[in-house]
Amino acid sequence: MQNTDLHIGGDWRPGGTGDRFDVLNPADERVLASVASATPEDAIAAIDAADAAFADWAGRTPRARAEVLRRAFELMTERLDEFAHLITLENGKARADAMGEAAYAAEFFRWFSEEAVRAHGDLMRAPASGARIMVQEKPAGIAVLVTPWNYPAAMGTRKIAPALAAGCPVVIKPASETPLTMLALLPLLEEAGVPPGVVNVVPSARAGAVVDAMLHDPRVRVVSFTGSTGVGRKLLRAAADQVLKPAMELGGNAPLIVFEDADIDTAVAGAMQAKMRNLGEACTAANRFYVHETVHDAFTERFTAAMAALKMGDGTDEGVDVGPLVNAETRDKVAAFVDDAVARGARVKLGGAAPGGKGYYYPPTVLTDVPADAECVADEIFGPVAAIQRFTDEADVLRRANATEYGLVAYVFTGDMARGLRVCEALEYGMVGLNRGLVSDPAAPFGGVKQSGLGREGAQEGMREFMETQYISASW
Ligand code: NAP
């Protein structure tokens, strides 16, 4: 049985008030564990621990930090099964999705172990004075990390690995639905050589108060958040008080466009990945399908057949593709989106109703002729529902695809690469999948434009979120 207390300065301890909260298994609604709930005072104690650890960690050579991260990658890779099982238990996602997440999460340790030794600076002569312009990247300071429930491991490691590579200690506040995976990672990080206080974890049933206390501590310099746009806005407002460096990975509303010249098998396979990875509980999930009217029926038939072939059940069971959604609220929201679309004239090709009974299940669902004013066109569905619309004209579909405050990811399927690249450029999105239903890659800059966020995770950019540029003007 793993430890379920707070982890501060290398020690496990209960929260200051002794309060705890339950974590449920979404497959059967049973209590999995009772987790210590941090108070704002506990959170400040975690900042104390990070502060005490900062100078030593930042002062280690890049190679020394890289080797700790490399070891974390190796240890996590040896234990993918254990992590995947825990992810399925607390989040519900099926085993294959959980294994995919665990491997993706571990890869951030490998990628940033390689990036830790490449924090390059710059040197040039000032054009007018001839002085030397010396530029170096320094660790920005203590980082507060706040993560969502949909990827309990990967959304944490995508922040922890670059922060540690840059030399920053962190305090992480995992989502209340899924704190167990992050708590299970702590012993592994210690085994890899992360010193006490460099990574602290403060689960809490009082997210707002705990995070707010940390963002107002003058020792904190970075806030890195992944979650909904609404909470992101609040954290940006709080970050303004101390002018913190913000990294915001927020909501999405991804369009998926299938042109008449697309290879339909490629489009169906890509659409399945873009829609059903993580059973649709992903910021990258295809939310609005736009299919050219000449291929609409062929695409819809084959896509519906692929959706119908998925097996729903407890994610820990062999052969299950679609587990339960994370909680009752998420399931009910998905059901309400479907009911609203149907009331406005959408047609149900598959699924369309929750099965009832224990567990937060909602079946793979395909809706066609979804009207543009349906709620699921404007908002994130965050579930296994494909909402299909038709289009006839490239300019029109581009206008519809861009008509949202979000700008995280879009997907385009076409056999004509000139058109594909033209459309990619015109899409107001931070990422585009061209004839691909998957864009996530630790080596690529993940992030959105407009109200989908600020900053990038992964790639070289990911480490810069935790570094500050210093320029020295020198003469010799
Ligand atoms: P959420 O409700 O915004 O919660 C995210 C995190 O913020 C949780 O740890 C939550 O704690 C905490 N939180 C909630 N209210 C807070 C407050 N007032 N102050 C400080 N922290 C607060 O999001 P979610 O429902 O967990 O995740 C789904 C959302 O995340 C979707 O919108 C999805 O698109 C987005 N997402 C984006 C990306 C990306 O990379 N762009 C990736 C994954 C998910 P509690 O759990 O205790 O409430």
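Student: In this predicted model, which residues are the closest to the ligand, and what makes a residue part of its surroundings?

Tutor: A residue counts as near when one of its heavy atoms lies within 4 Å of the molecule. By that rule 31 residues surround the ligand, and the closest are T147, S176, S228, L250 and E380.

Student: What makes the approach of S176 to the ligand a polar contact?

Tutor: The cut-off is a pair of N or O atoms within 3.5 Å. A polar side-chain atom of S176 lies 2.3 Å from an oxygen atom of the ligand, so the pair meets the definition. For S228, the distance from a side-chain N or O atom to a ligand oxygen is 2.6 Å, and for R158 a polar side-chain atom is 2.8 Å from a ligand oxygen. The protein buries 85% of the 910 Å² that the ligand exposes when taken alone.

Student: Why is the ligand said to lie between two domains?

Tutor: Domain 1 (6-250 + 452-474) and domain 2 (254-441) both give residues to the shell, so the ligand lies between them.

Student: Which helices and strand each supply at least two residues of the shell?

Tutor: They are α5 (154-166), α7 (207-215), α8 (229-240) and β10 (220-226).

Student: How many residues of each class does the shell hold?

Tutor: The shell has 16 nonpolar, 10 polar and 5 charged residues.

Technical notes. Residues are numbered from 1 along each chain as its sequence is written. This is a predicted model: local features need pLDDT of at least 70, side-chain atom pairs count only at pLDDT 80 or more; totals for chains, interfaces and linings use all residues. Side-chain values use heavy atoms; hydrogens and water are left out. A polar contact is a pair of N or O atoms within 3.5 Å; within protein, one must be able to donate a hydrogen and the other to accept it, and residues adjacent in sequence count only if both atoms are side-chain atoms. Accessible areas come from the Shrake-Rupley method with a 1.4 Å probe; for residues, only the protein chains shown count as cover. Helices (H or I, at least four residues) and strands (E, at least two) are DSSP runs, numbered from the N terminus. Ala, Val, Leu, Ile, Met, Phe, Trp, Tyr, Cys and Pro count as nonpolar, Asp, Glu, Lys and Arg as charged, and the others, Gly among them, as polar. Domain bounds come from an automatic or database domain assignment.
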